[in-house]
Amino acid sequence: MTAEKSFHMTPDEFRRCGHAVVDWIADYHARIESFPVLSPAKPGEIRTALPANPPAQGESFDALLKDVERVILPGITHWQSPNFFAYFPCNASGPGILGDLLSSGLGVQGMLWSTSPACTELETHVMDWLVGMLGLPEKFLSSKTGGGVIQDTASSAALCALLAGRERATNYGSNKKGCNGKLVAYASTQTHSSLEKAAMIAGIGVENLRLIEVDEQFAMRPEALAKQVEADKRAGLTPCFVCATVGTTSSNAMDPVDAVGEVCRQHNLWLHVDAAMSGTAMLCPEFRHLQRGVELADSYNFNPHKWMFTNFDCNCFWVADRKALIQTLSILPEYLRNQATESGAVIDYRDWHIQLGRRFRSLKLWFVIRHYGIEGLQHHVREHVRLAQEFAAWVKDDDRFEVAAPAPLNLVCFRHKGGDAVNQAIMDRLNRSGDLYLTHTKLNGKLTLRLSVGQTNTKARHVENAWKRIREEAEKAAAADARRHG
Ligand SMILES: Cc1ncc(COP(=O)(O)O)c(C=O)c1O
């Protein structure tokens, strides 16, 4: 009998290569500060280094790892560098990475409870834990009327919330007959662009997404929201949904959830609270005042993949009334029918989001929560906030700079007083240097720099060095600008 031909990796090969990959990742993290934070790659450069055609014969795993080092690394922007201060963080951690690896190792597709009961039940359990950990209302618990589900991103969570709000407002009729062009949704001018995308996909239409004005702190004006809702009702339209943001992307502004929630209650509108980044701060009771009124929310989400050490992707989304979400998204074709589902005793998460198939994401979240404990998570969140607040104080003390928006947590928006060109030059020079990575926004029409503290290993020395480098480049940029203007 001849041995059956196989191209697969043997278990022993897997063990050897797996150890090599884990070693590579550990070494990468140990030397991460030696790389330029923002990849210096030019468009097309990485592809040029790749062979034009795929290999006809399989190659050795060692050759693959060598190419990761030679071809891929130069094209990596090092999000896990402690000198990464751009956008919002997307932090990772040892337990998160290993939990994700285990999820791949198990290779589970958890669309139904019966396709891996542990995948569903661990998720439900961890999501219930988080309700308590974040001080969220009890109605979000699976033992009450609500429940939580892990989505890929905050964008998907917003879409699901908007769809549920749309269906509730039309008595589940728009799923059947389509939208009639009369549904209206509300967010602020500072709301994340994912809401605009959700309005497009949900058939609301971007023109029917009202962007409500904000106050001088970039927070939604609830009285402007109320006025707009009333005007839309008078015009015969059907208001259905409001998104309040706890920590806007641009400047970390906090919409007044309590006052916005009151408007929603009066007009029976679905209130979605988007706390994508800042939700993690709610691990610490002293920050929960920033989302006062959250008990009025119909849905809530935050991204552990931003600031809670759980590598991308992981979004936690809760609803107060799971029936509304399930009625919006449930479809049961014959081939998915099974006894557990029919019994009504289980959760089938495929009914809680857009896609059917789903990864075992709760494993990494569970690993992170168990590794750090509430105390460890709170410690690092508080430390990031402390570092950002210290940075804001340095900016305030330097009369060449100004803080451009309130900094309630770990994001500081600031600018050099020399104007847009100087700020652009400071940012470009810093990012080109590779020493750190900063991004910008526009506030009141002015280019504004953002320092976002939240990478897992960012410590005082990194923030101190960032401030030193910012001042160095500011001097050069301001001098060059003065020369240009004679
Ligand atoms: C407030 C807010 N909402 C939504 C998002 C979108 O996040 P995701 O990439 O998970 O869709 C972001 C991203 O930065 C955000 O800051």
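This tour visits a ligand site, two helix pairs and two backbone details in a predicted model.

**Stop 1: the ligand**

Select the ligand and the residues around it. There are 13 of these surrounding residues, and the closest are Ala154, Ser155, Thr249, Asp274 and Asn303. Now show the side chains of Ser155, Asp274 and Asn303, taking each in turn. In Ser155, a polar side-chain atom sits 2.5 Å from an oxygen atom of the ligand. For Asp274, the partner is a nitrogen atom of the ligand, 2.6 Å from an N or O atom in the side chain. Asn303 places a polar side-chain atom 3.0 Å from an oxygen atom of the ligand.

**Stop 2: helices H6 and H8**

Keep Ser155 selected and extend the selection to helix H6, residues 154-169, then add helix H8, residues 194-201. The two pack at an angle of about 45 degrees, and their axes are 9 Å apart. H6 and H8 are therefore oblique to each other. Their crossing is right-handed. Which residues make the contact? From H6, pick Ser155, Ala158, Leu159 and Leu162; from H8, pick Ser194, Leu195, Ala198, Ala199 and Ile201. Coloured by type, the residues of this contact come out as seven nonpolar, two polar and no charged. Ser155 thus appears at two stops: among the closest residues to the ligand, and in the contact of H6 with H8.

**Stop 3: helices H1 and H3**

Move to helix H1, residues 11-30, and helix H3, residues 61-72. Here the packing angle is about 15 degrees and the axes lie 11 Å apart. Angles under 35 degrees count as roughly parallel, and H1 and H3 are therefore roughly parallel to each other. The crossing of this pair is right-handed. To see the contact, show Arg16, Cys17, Ala20, Val21 and Trp24 on H1, which meet Phe61, Asp62, Leu65, Val68 and Glu69 on H3. How do the residues of this contact divide into nonpolar, polar and charged? Seven are nonpolar, none is polar and three are charged.

**Stop 4: Phe218**

Select the loop between strand E3 (209-212) and helix H9 (222-234), where Phe218 lies. Phe218 is not a glycine, yet its phi is positive, at about 70 degrees.

**Stop 5: Phe312 and Asp313**

Finish at the loop between helix H11 (304-307) and strand E7 (315-319), which holds Asp313. Show the backbone from Phe312 to Asp313: is the peptide bond cis or trans? The bond is cis, with omega near 5 degrees.

Methods:
Residues are numbered from 1 along each chain as its sequence is written. This is a predicted model: local features need pLDDT of at least 70, side-chain atom pairs count only at pLDDT 80 or more; totals for chains, interfaces and linings use all residues. Side-chain values use heavy atoms; hydrogens and water are left out. Axes are lines fitted to C-alpha atoms, for helices over the stretch in contact, and angles run from 0 to 180 degrees between N-to-C directions. Helices (H or I, at least four residues) and strands (E, at least two) are DSSP runs, numbered from the N terminus. Angles under 35 degrees count as roughly parallel, over 145 as roughly antiparallel, 65 to 115 as roughly perpendicular and the rest as oblique. A crossing is left-handed if the near helix is turned anticlockwise from the far one by less than a right angle, and right-handed if clockwise. Contact means heavy atoms within 4.5 Å. Ala, Val, Leu, Ile, Met, Phe, Trp, Tyr, Cys and Pro count as nonpolar, Asp, Glu, Lys and Arg as charged, and the others, Gly among them, as polar. A residue is near a molecule or strand if one of its heavy atoms lies within 4 Å of it. A polar contact is a pair of N or O atoms within 3.5 Å; within protein, one must be able to donate a hydrogen and the other to accept it, and residues adjacent in sequence count only if both atoms are side-chain atoms.
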